[in-house]
Amino acid sequence: MSSLNTPPVVDSLDTLLPPEPLLMMGAGPVPIPARVAQANSIVINHLGETMARVIEQMKAMARYVFQTASPWVLGVAGPGSAAMEMSVCNLVRPGTRVLSVVNGYFSRRLGEMSQRVGGVVEYLEMPEGQSASAEAVRAALLRHRPEVLTIVQGETSSTLLTSELPAICRLAREHGCYVIVDAVCTLSTMPLLMDEWCIDAVVTGGQKGLASIPGVSLIAFSERAWQRIESRPVEPAQWCLDAKLAANFWHNASYHYTAPVSGILALHEALHLICQETLPERFERHLRCSLALQRGIEGMGLALYAAPAARLNSVVGVRAPAGVDRRQVCSHISRKYRVEISGSFGLDIVRIGQMGEQCREHHLFRTLHALGQTMKDLGAAVDVPTGVAELERELQRQA
Ligand SMILES: *Cc1c(COP(=O)(O)O)cnc(C)c1O
């Protein structure tokens with residue numbers, strides 16, 4: 001029995017951490033560039049002049065990444081889910097009619113969050129393996145007449161892409177709807193044009209597409225959404241997530257809560273790296289790497305989960321071969337090959353991330369080899385040399 005009079009004896013972090021770092025190739029968090037790691041080790045005054053300049057630059061860079069001219073970019077101390085909740089609790093009020101498009105775990109979460117703040121939510125549930133079409137959304141808009149629509153660009157859980165997102169968002173705007181888009185895993189890995197597509201709130205986290213640390217997230221509201229926030233009849237119950245209070249810090253250099261300074265500096269560096277690379281180059285790199293990895297996986301004789309038309313490139317779902325337990329795949333590849341990949345929320349798949357630093361050629365070869373060897377070790381018939389050759393061939397073809 002432990003006593004409160006004696007401190008517990010615990011292991012040092014050196015003992016807990018693996019002797020050789022794992023290559024983080026799961027659905028997030030993703031590896032962080034050295035500049036991001038360095039920035040994350042610094043603490044400065046959260047209300048000083050340096051921080052004010054950092055924030056100004058971050059907003060400018062974030063507007064580029066979100067592709068919006070709206071000034072209403074804010075940061076959040078919290079996971080991607082906190083940014084999701086911030087979008088919801090500032091736009092959905094008790095009685096607000098919400099249409100929540102669902103094709104996986106995270107899209108459903110947006111609907112649940114809307115219900116918790118009193119929204120009247122209709123779920124547009126897609127059949128397994130499918131993303132919403134504009135036609136399906138049009139019918140649901142006419143049926144339910146929502147004021148707010150929630151949707152996910154890349155459903156990390158089911159590895160599905162909402163390829164008709166631009167048409168869906170424009171359609172929702174035509175019906176007078178405010179559109180909330182979760183771009184946690186996709187932002188800066190593939191095109192998202194907030195203004196052109198008529199999106200009212202885009203949310204993202206740090207640890208996925210942006211290749212920063214978990215725990216500091218970003219959100220952008222359209223001018224139109226900001227007017228709704230400004231003219232609201234009641235204040236939201238969520239004090240920390242109140243966008244108007246958050247604007248004190250993000251737009252007036254004053255106090256809301258103590259900002260997560262190190263994480264903000266890390267995110268500043270991550271955004272700076274994106275701006276230096278430029279979005280078109282970054283999208284190109286992500287597409288090239290993910291497609292090559294997909295060819296390699298198939299070349300080994302493994303099957304991808306999502307059909308090509310609905311396939312998300314930022315997170316690739318691989319079916320577990322017959323007789324192989326997906327949980328064993330994840331633990332074996334981690335223990336034996338020092339590569340971390342993700343299991344799933346219910347589906348019989350494993351997931352490999354293609355976000356940020358995960359999209360580097362040397363990481364692809366190591367990951368594909370480790371995946372193939374793992375499947376072999378677990379008794380599946382896979383052809384590792386052919387898969388690796390396909391990966392190389394595809395990379396050369398696209399070079
Ligand atoms: C990871 C993820 C989230 C949740 O982010 P957390 O940081 O885990 O809260 C939400 N949506 C999508 C699409 C994600 O991939």
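An oxygen atom of the ligand is placed 2.7 Å from an N or O atom in the side chain of Gln-207, in what is a predicted model throughout. With the protein present, 90% of the 380 Å² of accessible area that the ligand has on its own is covered. The points below begin with the ligand and its shell, then follow the strands that pair with one another, and end with residues whose backbone or burial deserves a separate look.

**The ligand and its shell**

- The shell around the ligand holds 13 residues, of which Ser-81, Thr-156, Asp-182, Gln-207 and Lys-208 come nearest.
- Sorted by class, this shell is made up of 6 nonpolar, 5 polar and 2 charged residues.
- Helix H4, which spans residues 80-91, supplies 3 residues to the shell, and this is the largest share.
- On the side of the ligand's nitrogen chemistry, a nitrogen atom of the ligand is 2.5 Å from an N or O atom in the side chain of Asp-182.
- For the ligand's oxygen atoms, a polar side-chain atom of Lys-208 lies 2.6 Å from one oxygen atom, while the side chain of Gln-207 has an N or O atom at 2.7 Å from an oxygen atom of the ligand.

**The paired strands**

- Strand S5, residues 148-152, is mostly covered, since 5 of its 5 residues are buried.
- The cover on S5 extends to both faces, with Val-148, Thr-150 and Val-152 buried on one side and Leu-149 and Ile-151 buried on the other.
- S5 pairs in the parallel sense with strand S3, residues 97-102, over 3 bridges, and within this pairing Val-98 stands opposite Val-148.
- S5 is also joined to strand S8, residues 178-182, by 5 bridges, and these two strands run parallel; here Thr-150 has Ile-180 in S8 as its bridge partner.
- S8 in turn pairs with S9 in the parallel sense over 3 bridges, and Ile-180 has Ala-201 in S9 as its bridge partner.
- In strand S9, residues 201-204, Ala-201 and Val-203 point one way and Val-202 and Thr-204 point the other way, and all of these residues are buried.
- The pairing of S9 with strand S10, residues 216-221, is antiparallel and is made by 4 bridges, with Ala-220 in S10 as the bridge partner of Val-202.

**Backbone geometry to note**

- As background for the next points, most residues other than glycine have a negative phi, and most peptide bonds are trans.
- The peptide bond from Gly-28 to Pro-29 is cis, with omega near 0°, and Pro-29 belongs to the loop between strand S1 (23-24) and helix H2 (34-39).
- Arg-145 has a phi near 45°, which is a positive value in a residue other than glycine, and this residue sits in the loop between helix H6 (134-144) and S5.
- Ser-188, which is not a glycine either, has a positive phi of about 75°, and Ser-188 is found in the loop between S8 and S9.

**Burial and surroundings of single residues**

- Arg-145 and Ser-188 fall into opposite categories of accessibility: Arg-145 counts as exposed because its relative accessibility of 55% is over the 50% cut-off, whereas Ser-188 counts as buried because its value of 1% is under 20%.
- Leaving aside neighbours within four places in sequence, Arg-145 is in contact with Arg-97 and Ala-140.
- Although Arg-145 and Val-98 are 47 residues apart in sequence, their C-alpha atoms are 8.4 Å apart in space.
- Arg-228 lies in helix H8, residues 223-230, and it counts as buried because its relative accessible area of 8% is under 20%.
- With neighbours within four places in sequence again left out, Arg-228 is in contact with Leu-91, Arg-93, Thr-96, Glu-147 and Tyr-178.

Key
Residues numbered from 1 in each chain as written. Predicted model: local features only at pLDDT ≥ 70, side-chain atom pairs only at ≥ 80, totals over all residues. Heavy atoms only, no water. Near = heavy atom within 4 Å. Polar contact = N/O pair within 3.5 Å; in protein donor to acceptor, adjacent residues only side chain to side chain. Areas by Shrake-Rupley, 256 points an atom, 1.4 Å probe, with all protein chains shown as cover. Nonpolar A, V, L, I, M, F, W, Y, C, P; charged D, E, K, R; others polar. Buried < 20%, exposed > 50% of the residue type's maximum accessible area, 1.4 Å probe, protein only. Contact = heavy atoms within 4.5 Å. Pairing = 2+ DSSP bridges.
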